[in-house]
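Subject: Handing over a structure, with notes

Dear colleague,

I am passing a structure on to you, followed by some notes on what I found when going through it. Please read them with the structure open beside you.

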Amino acid sequence: NGGQTPWTLEAMIQPAATNANQEIICTDSSADSRGFQFRLEKGAHLELNLIATGPDILTPIPTSGPNAYAPNTWYHVAATYDGTNIVLYWTKVNPSITVANAISTNAAAVGISFGSAQGPLTIGNENKGPAGENFSYLIDEVRISSIARAADQMLLSLNRKARACTPTSSSPTSSVYGGRQLTLSSAGDGT
């Protein structure tokens, strides 16, 4: 999927530092169709770069408050696109937090060619030789969805059962989560 249809990219990350470009999820490669980079950018930013089709969204990571960056701490990060806006999320993992923390909302027109990127999907690095933007520490719970998840539908804690979404004609009926199959019924309950 991709292109002008809704989607969500999300992962749990535990970065050791924010002073280098570090890929989280990407299709950037040596191929002609480079796709996207969802990464930490060396200036302590969360970045979603739709390389060939634009836009390149760069948002500072929080430095104060309950979601402030601290080395070796778990965070949930996400990028969603609803057909009109791209929203970036940065949320410190805490059992009491049930809604993802949006750090930017950006009006965006994602071109049709975005969904046709041919670069391989890579987690924790880019697929270029030699790859040089490896993630410095841990990534877990990666999920890519063909719907724009709301802030209360994110995977906000490690090994937590996902809150299910009511399926639509364009949403998946199942996905793998944490080594378990998550199936969505017409009632919208996850199993």
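In which strand is the place of Glu 141? Glu 141 lies in strand E10, which covers residues 137–145, and I begin there because this residue has a positive phi of about 50° although it is not a glycine. Please keep in mind that this is a predicted model. Most residues other than glycine have a negative phi. Glu 141 also counts as buried, because its relative accessibility is 9% and the cut-off is under 20%. Ala 44 is another residue other than glycine with a positive phi, here near 65°; Ala 44 belongs to the loop between E3 and E4 and, with a relative accessible area of 25%, is partly exposed.

As for the chain in general, it has twelve strands and zero helices. Of its 191 residues, 46% are buried, and its accessible surface comes to about 8,600 Å², with 50% of that belonging to carbon and sulfur atoms. Among the contacts with a separation of 6 or more, 56% are between residues 24 or more positions apart.

The strands at the start of these notes on pairing are those of an open sheet of five, ordered E5-E4-E3-E2-E9 and paired in the antiparallel sense. Strand E5 (56–60) and strand E9 (122–123) stand at its edges, and because each has a single partner strand, one side of each is left without a neighbour in the sheet. The antiparallel pairing of E4 with E5 runs over five bridges, and Asn 49 stands opposite Asp 56 in E5.

Within strand E4 you will find Glu 47, which is buried at a relative accessible area of 3%. The side chain of Glu 47 makes a polar contact with the side chain of Arg 39, at 2.5 Å. Beyond its neighbours within four places in sequence, Glu 47 is in contact with Gln 37, Phe 38, Arg 39, Glu 41, Asp 56, Ile 57 and Leu 58.

Strands E6 and E7 pair in the antiparallel sense over seven bridges, with Thr 80 opposite Val 87 in E7. Their hairpin has three residues between the strands, and in it Gly 83 takes a positive phi near 100°. E7 is joined to strand E8 (residues 102–107) by five bridges, again in an antiparallel arrangement, and Asn 85 has Ala 107 in E8 as its bridge partner. Because six of the eight residues of E7 are buried, E7 is largely enclosed by the rest of the structure.

Turning to the interior, the largest nonpolar core has 24 residues, and the members that touch the most others are Ile 13, Ile 24, Phe 38, Leu 48 and Ile 86. Two or more residues of this core come from each of strand E1 (7–15), strand E2 (22–26), strand E3 (37–41), strand E4 (45–49), strand E6 (75–81) and strand E7 (85–92). Leaving aside its neighbours within four places in sequence, Phe 38 has contacts that include Leu 9, Ile 24, Cys 26, Leu 48, Val 77, Ala 79 and Leu 88. A second, separate core has six residues, among them Ala 78, Val 87, Tyr 89 and Ala 100. In soluble globular proteins, nonpolar side chains tend to be buried together.

A search of the whole structure for aromatic pairs finds three. One of them, formed by Tyr 69 and Tyr 75, is stacked, with 6.2 Å from centre to centre and 25° between the planes. Tyr 75 is buried, at a relative accessible area of 0%, and ring pairs link Tyr 69, Tyr 75 and Trp 90 into a cluster.

Finally, Thr 73 is a residue to look at in the loop between E5 and E6. Because its relative accessibility is 17% and buried means under 20%, Thr 73 counts as buried. The side chain of Thr 73 reaches the backbone oxygen of Ala 70 at 3.2 Å, and, its neighbours within four places in sequence left aside, Thr 73 is in contact with Ile 13, Gln 14, Pro 15 and Lys 92.

With best wishes

Technical notes. Residues are numbered from 1 along each chain as its sequence is written. This is a predicted model: local features need pLDDT of at least 70, side-chain atom pairs count only at pLDDT 80 or more; totals for chains, interfaces and linings use all residues. Side-chain values use heavy atoms; hydrogens and water are left out. A nonpolar core is a set of buried Ala, Val, Leu, Ile, Met, Phe, Trp, Tyr and Cys residues joined through side-chain atoms within 4.5 Å. Buried means under 20% relative accessible area, exposed over 50%, partly exposed in between (1.4 Å probe, protein chains only). Helices (H or I, at least four residues) and strands (E, at least two) are DSSP runs, numbered from the N terminus. Contact means heavy atoms within 4.5 Å. Rings of Phe, Tyr and Trp (its six-membered ring) pair if their centres lie within 6.5 Å; planes under 30 degrees apart count as stacked, over 60 as edge-to-face and the rest as tilted. Two strands pair if DSSP finds at least two bridges between them. A polar contact is a pair of N or O atoms within 3.5 Å; within protein, one must be able to donate a hydrogen and the other to accept it, and residues adjacent in sequence count only if both atoms are side-chain atoms. Accessible areas come from the Shrake-Rupley method with a 1.4 Å probe; for residues, only the protein chains shown count as cover.
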